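Dear colleague,

Please find below the structure that I am handing over to you. My findings follow it.

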Amino acid sequence: MRKAFRAPQLIVSIVVAITVMAAFAACAQDRSKVAITGPDGRDLIVVNVEVAAASAKRELGLMFRRHLDEAAGMIFLFKQPQHLTFWMKNTLIPLDMIFADSDGRIVGIVENAAPLSESIDAVDGDSQFVLEVNGGFCKRHGVIAGDRLRFIGFVPNASD
């Protein structure tokens with residue numbers, strides 16, 4: 001009789017544990033943010049970000065997405081500064097690409113990269129981070145080269 005009683009308790013315990021772990025994972029992802037700060041050090045805007053720290057995540061990026069919230073984006077992390085190039089193949093929405101150096105200083109911006117394009121998008125100089133947001137975002141929020149990215153809720157280290 002006890003064994004029959006323990007099995008449902010075990011199942012309930014497992015379901016509760018999975019639910020709690022999923023909630024913690026969702027909260028951890030919600031904490032990943034990038035603040036864009038102006039020359040006076042004040043935040044222009046804070047963006048909720050998905051972190052692309054591994055090559056597989058960087059390669060997929062925001063492809064196949066039909067929508068991106070205004071204060072949302074994806075931050076691409078690389079191990080070291082380099083001349084970075086992107087393309088929009090299989091990307092369905094226009095994007096602004098914000099390129100930043102190892103100190104988080106924005107070195108250049110590609111505005112309104114055209115969806116589904118195979119042309120190469122890049123800026124002059126080396127970057128270690130690229131923040132992708134909705135097309136027109138930089139104009140709407142006054143983001144320009146020389147502003148800075150500040151990472152909140154995560155350490156900006158590439159895994160590979």
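**Findings from the predicted model**

In this predicted model, 39% of the 160 residues of the protein count as buried. The accessible surface amounts to about 9200 Å², and carbon and sulfur atoms hold 58% of that area.

The secondary structure consists of 3 helices and 9 strands. Read from the N terminus, the order of the elements is α-β-β-α-β-β-β-β-β-β-α-β. Among contacts in the protein with a separation of 6 or more, 71% are between residues 24 or more positions apart.

The largest pocket may be of interest for your work. It holds about 290 Å³ of space and is lined by 19 residues. Those nearest its centre are R58, E59, F76, F86 and W87. Two or more lining residues come from each of α2 (55-60), β3 (72-82) and β4 (85-86); α2 contributes the most, with 4 residues. By character, the lining of the largest pocket divides into 10 nonpolar, 5 polar and 4 charged residues.

I also examined the aromatic side chains. The count comes to 4 aromatic pairs. One of them joins F151 and F154 in an edge-to-face arrangement, with 5.6 Å from centre to centre and 75° between the planes. Both F151 and F154 are buried. In addition, F76, F86 and F99 form one aromatic cluster; of these residues, F76 and F86 also appear among the residues nearest the centre of the largest pocket.

Yours sincerely

Conventions: Residues numbered from 1 in each chain as written. Predicted model: local features only at pLDDT ≥ 70, side-chain atom pairs only at ≥ 80, totals over all residues. Heavy atoms only, no water. 1 Å grid on protein atoms, 1.4 Å probe; cavity = no way out; pocket = protein on both sides within 12 Å on 5 of 7 lines; lining within 4 Å. Points joined across faces, edges and corners; volume = space filled by probe spheres on them. Nonpolar A, V, L, I, M, F, W, Y, C, P; charged D, E, K, R; others polar. Phe/Tyr/Trp six-rings, centres within 6.5 Å; stacked < 30°, edge-to-face > 60°. Buried < 20%, exposed > 50% of the residue type's maximum accessible area, 1.4 Å probe, protein only. Contact = heavy atoms within 4.5 Å. Areas by Shrake-Rupley, 256 points an atom, 1.4 Å probe, with all protein chains shown as cover.
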